[in-house]
Amino acid sequence: MSSSSPPVGAASAAISASEKVDGFTRKSVRKAQRQKRSQGSSQFRSQGSQAELHPLPQLKDATSNEQQELFCQKLQQCCILFDFMDSVSDLKSKEIKRATLNELVEYVSTNRGVIVESAYSDIVKMISANIFRTLPPSDNPDFDPEEDEPTLEASWPHIQLVYEFFLRFLESPDFQPSIAKRYIDQKFVQQLLELFDSEDPRERDFLKTVLHRIYGKFLGLRAFIRKQINNIFLRFIYETEHFNGVAELLEILGSIINGFALPLKAEHKQFLMKVLIPMHTAKGLALFHAQLAYCVVQFLEKDTTLTEPVIRGLLKFWPKTCSQKEVMFLGEIEEILDVIEPTQFKKIEEPLFKQISKCVSSSHFQVAERALYFWNNEYILSLIEENIDKILPIMFGSLYKISKEHWNPTIVALVYNVLKTLMEMNGKLFDDLTSSYKAERQREKKKELEREELWKKLEELKLKKALEKQNSAYNMHSILSNTSDE
Amino acid sequence: MAGAAGPGTGPGAAGGDGDDSLYPIAVLIDELRNEDVQLRLNSIKKLSTIALALGVERTRTELLPFLTDTIYDEDEVLLALAEQLGNFTGLVGGPDFAHCLLPPLESLATVEETVVRDKAVESLRQISQEHTPVALEAHFVPLVKRLASGDWFTSRTSACGLFSVCYPRASNAVKAEIRQHFRSLCSDDTPMVRRAAASKLGEFAKVLELDSVKSEIVPLFTNLASDEQDSVRLLAVEACVSIAQLLSQEDLEALVMPTLRQAAEDKSWRVRYMVADKFSELQKAVGPKITLNDLIPAFQNLLKDCEAEVRAAAAHKVKELCENLPAEGRETIIMNQILPFIKELVSDTNQHVKSALASVIMGLSTILGKENTIEHLLPLFLAQLKDECPEVRLNIISNLDCVNEVIGIRQLSQSLLPAIVELAEDAKWRVRLAIIEYMPLLAGQLGMEFFDEKLNSLCMAWLVDHVYAIREAATNNLMKLVQKFGTEWAQNTIVPKVLVMANDPNYLHRMTTLFCINVLSEACGQEITTKQMLPIVLKMAGDQVANVRFNVAKSLQKIGPILDTDALQEEVKPVLQKLGQDEDMDVKYFAQEAISVLALA
C-alpha cells in the first residue's frame, strides 16, 4: 500500500536533494516561503482566461418578477473562479463576485420564498463550482498541526462567502430536502468529505456545520455518510496516517452516536471496535483525542456491555513509548470509569489494573501522576474499595516499589497517600502483602532464571535435531532434486 | 505481575528430565501466555527452534493448531509470527505439507494492522510456490477465494496480492474463477480494496493470457483509472506500465492510450504527479512512436504544471526521457520540444523544481554533444550556478563530471569558482559539508595548478572551521587530495600548513593538526611521517591541555605501524611511557592502550 500515498512521497522526492544539505533549515526555509504566500487551490485550470465580470443590478431593486431570473444569473456569475495566487489580476471582477456573494447570502437569509424549486440546481452548481477542488499538496511534507501554522486557502475571500451562503441555504425554513436530494447526492457528499482534509481550519469549521446539517436533513444519505467517514478513518489509520479533518469528523460523529437508537446495530458496534479503537494508535492522536474519547464514552453510555471490549481494545493499543499519549489514554480510561457499571468493572478490573500498576511506576512523572490521580476520583475509589481483594494484590508491588525508589518526590508523596487509602480499605490484606513482598520478588527472580535455563535447553535440543537432520541431509537432497526435475 | 502464574505445565515442572520431547511445546505455551509482550515476542521469534525440536509431525499436529487458535495477540507478535511461517515449509515436512501452514496465515491475512497483513500475504506468496499444482487447487485457491469474499475489507485487500501467484498453475476452470474474483474486487465498494486491486493489476495482467488481458484487464484498468477517488486512479498509472508492455502497438493505441492521456491531464495533481514519476517506465513501455506522438506533449504539460510537486517530479525525469529517445532525431526533438521548457524551469519560482532540474540537467550534455552544450546548456548551468538556493548550486557542482567529459570543466571554471567560494562560506554548515565532499572531484577535474591557485586556501580554511563536522570532513578531504596529487605535492603544499597549526593558541586547532596527521601519514608514507610529522606529534605530548595529550597518544598509536623500529623504540616509546604516567586519567588510558597495541611494553 506504500504507493498509495504520493502526497508525502511527492514532496520528499522534490526535496531529496536538499535533504542531504540541511535537514534542519529546510523547515525554516519553507516557513519563510509560506509566510509570503498562502496556498492556492490546486485547480487544474482549463478555464482559460475568463471573461471580465460585469455588475448586475441589485436584487433588491428588481421587481419580484425579475428577481428570480436575476438570482439565477447571479448564481451563474458566481460560478466563475479567480486566481487568488495572483493578487493583482482581475481585481475588479473579484470585487464584483465578492459583492454578489454577499448579496446572495443576504438575499436567502432575509427573504422568504426565494428558494424555489427551479433555483436548486443553480444553487448547488454554484456551490460545487467554488468549493469542490483537488486540495493542493501540502507546502510542508512534515506538517505538524500542533506546531506549524496551517496553510490558509488563498481564495478564502470568496470561498468563505460561498460556505456562508451554503449554510443559509441549508438552514432556510424554505429549504426542502426532498427537492435538494436530487442535487445533494452521494457524489456531492463524497466530494464534501474529501474537503475535510483542507489544511485551513476555517474551512473545516464550515464543513463541519455543513455536513452536520446535511446529515440532519437528508435521512437517505445518513448511512452513506457514515460509511464514507468510516473509509476516511480507515485510510487515515492504515494507509496515509494523514487527514486534517479527523477532529471535525469525530465531532460530528459524537452527536450522531448520541442519536443512535437502541439496541445498537452491529454496524455501529463494528465502527466502534474496528475504527474508533484502532484510531488510538494514530501518531497525531493529540489533535483529536478529546473528540475521540467523547465518541467512545457516548457509545458506552448507550450500551454498557461494550465496556469490556473497549477497555481491552485500549489496553491492546496502549502506548509503549509515547508518554504524552499514555497520559491521554489514562484520561480516557478515567472518563470511561466515570460511567462504568460495577458489574462491567468486575470484568475488566484485572487487566486494567495491571496496566494502571505499570503506569503508576512509570519513570515519566506525568504518566505516574495521571494514573495516581485516579485515587482522587470518588467513584473510582468506591469501585476499588468494592473490589479491594482483587485490586490490592495487583497494585501493591508497584506502589511499594515506587514508594521506595521513584525519583520524583511528588510521585512518592502521592503513592504514600494511595498506599494509605488502600491500607484503610483492607488492613489485613495489606499486612499480608507487605510481609510476603520480599518472597514474591525472589520468586519472580527465580522464575526469570528458570526461563533462561529453559531456552538454553531448547537450543541444545535444536542443535541435536539439526545434527540428526544433517546426517540425513544427503538423502533429502537427492529426493528433492528428483522431484524438481519432473 | 504477581498473579501471572502460567497455566498448563509450569516451566519448573517441565524442567525435569522426563520426556524431552514434551518440553518445547510446554515452554512455548507458557511463554506465549506471558504477561510481558517482549517475552511473547521472543518465543515467537524462536518458533523455528521449537518446531525443529518438536519434529515435523508434532509441529503439524500440535504447534500449528495451537498457533492458529492463539491469534489474538499484539500486532508486533503477529508480525513476527507471519514472518516465521513463511519459512516454515521445511519444518512441517516439506512441500507436501506446505498447506498445513495456510490456516494460521489465513487468519493473519485478515487482521487490521497493515504490516501484519502484508507480511502474511508475503509469506503466503512464498508458500504458494512450494505447493504442488494439486495442493494449490485443493488448498491454496480455496483460501484465496475465501479471503476475496470476506466480510471485512482486510481479507479482501489481502486476497488482491494472492491472485497472481496461484493463477499460472491453476487449471482453466479455476483460472476463470480467479479472474472473476479479481474482477469483483476491482469494483469493490470499499476504496481500500479497490486501491489494493489497482496496485496488483499490473502484476496480475502479466500472468494472464493475452486475450484475457485485452478482454478483461483493460476494462478494469479503464474503470480504475476513472475511479472517483484519486488515490485509486493514481495506482492505475502504475498498472499502465505493466499492461502496456503486454500489448501490441495497435492495441496499445486503441485500448490504453486514451486512458493514459486522460491521466496526464487528471484534475488531481496526485495522478499527474504519478504520471511524471513513472514517466521513464511509461516511455519504455509504450515504445518510441507513441512516445513522440503522445508522451512528449504530455511531458511538456507536466513540466509547466500548476503544481510545483508535479513540475519537480517531471524535472527529475528530463535526462532519462532524453536518453531513452531513439538516437535518430533525438537531438532535434530535445532541442525543439524539450529544451524550451527546461529553460523556463531554470527560473522557476519553486526551489525544489530548480533543484530537481539541477540534479539531472548536466546529464544532457553527453546526449547533445559539445556544440549544443556550449551554446544552449552552458548558459543554463551558469544561471543555476548563480541560483539563490544553495541546493541548486550544489546539485550542479555535484554533477560536474558529466560536463567534464563533453566540454571540459574549464568552460565553467570562471563561474564555478565564485559559486564554490560562496558555498564554502555558506552560513549553514551542512552546505559547507556538502561542498567539501566534492573537492576531490573538483581537484581532479580542474588540475593541480588551478587548485593550488584558487581552492587550496579554502581547503585549509575549513580546517579551522568552528564546526567539528567541517574540520573532520576537511581532514578527510586532505587525505583524498593527497591521494590525487601525490606525496610531493603534500609535502610542499599541505604538510607545512598543517604542522604550523600545532602552535595555534586554540587547542581545537592543535588537535586538528593531530587528526590531519592521523589520516595523512598513511598517504604520505614513512619518510615524511618520520621526518616531518613525528617530531611535531612528540612535541605536542607536552601540551598543557589534556585532550591534546591523549590525542597525541592516539596519533602515535595510529602512525606507529608506519614508523620504523628505531623511531618507535627511541622516540615514541619514551614519550608514551611518560604519558602513561600522566596525571589525567584519559591520557594515561590512551597512552597505555597505544603501548600495548604497538607492543612497546
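## A helix wrapped by its surroundings

Let's start with helix α17 of chain B, whose buried residues are B:Trp269, B:Arg270, B:Val271, B:Arg272, B:Tyr273, B:Met274, B:Val275 and B:Ala276. Buried here means under 20% relative accessible area, while exposed means over 50% and partly exposed covers what lies in between, with a 1.4 Å probe and protein chains only. Helices are DSSP runs of H or I with at least four residues, strands are runs of E with at least two, and both are numbered from the N terminus. Since 8 of the 9 residues of α17 (residues 269–277) are buried, this helix of chain B is largely enclosed by the rest of the structure.

## How to read this model

This is a predicted model, in which local features need pLDDT of at least 70, side-chain atom pairs count only at pLDDT 80 or more, and totals for chains, interfaces and linings use all residues. Residues are numbered from 1 along each chain as its sequence is written, chains are lettered from A and ligands numbered from 1 in the order in which they are written, and side-chain values use heavy atoms, leaving out hydrogens and water.

The pLDDT score is the predictor's confidence in each residue, from 0 to 100. Chain A has a mean pLDDT of 83, with 84% of its residues at 70 or more. Its residues 1–37 stay under 50, and the model has 70 contacts for them beyond four places in sequence; a contact means heavy atoms within 4.5 Å. Residues 44–48 of chain A are also below 50, with 9 contacts beyond near neighbours in sequence. Where pLDDT is low, please don't read the predicted coordinates in detail.

## Chain A

Chain A has 21 helices and 0 strands, and 51% of its 486 residues are buried. Among its contacts with a separation of 6 or more, 76% join residues 24 or more positions apart.

An automatic or database domain assignment sets the domain bounds, dividing chain A into domain 1 (54–133 + 152–183) and domain 2 (303–459). The centres of these two domains of chain A, taken over C-alpha atoms, are 59 Å apart.

## Chain B

Chain B also has a strand count of 0, with 35 helices, and 59% of its 601 residues count as buried. Its radius of gyration is 33 Å, whereas a compact globule of 601 residues would come near 25 Å. That radius is taken over C-alpha atoms, and the globule rule is 2.2 Å times the number of residues to the power 0.38. The C-alpha atoms of chain B fill a box of roughly 85 × 85 × 40 Å along the principal axes.

For a single residue to find on screen, try B:Leu446, in helix α27 (residues 429–446) of chain B. B:Leu446 counts as buried because its relative accessibility is 2%. From B:Leu446 to B:Arg179 the C-alpha distance is 62 Å, with their positions 267 residues apart in sequence.

## The nonpolar cores

A nonpolar core is a set of buried Ala, Val, Leu, Ile, Met, Phe, Trp, Tyr and Cys residues joined through side-chain atoms within 4.5 Å. The largest one has 366 residues, of which A:Phe166, A:Ile214, A:Phe233 and B:Leu576 touch the most other members. Helix α18 (residues 279–303) of chain B gives this core its largest share, 11 residues. At least three residues come from each of domain 1 and domain 2 of chain A.

Setting aside residues up to four places away in sequence, B:Leu576 touches B:Ala553, B:Leu556, B:Ala591, B:Ala594, B:Ile595, B:Leu598 and B:Leu600. Apart from the largest core lies another of 5 residues, including A:Phe82, A:Phe84, A:Ile96 and A:Ala154.
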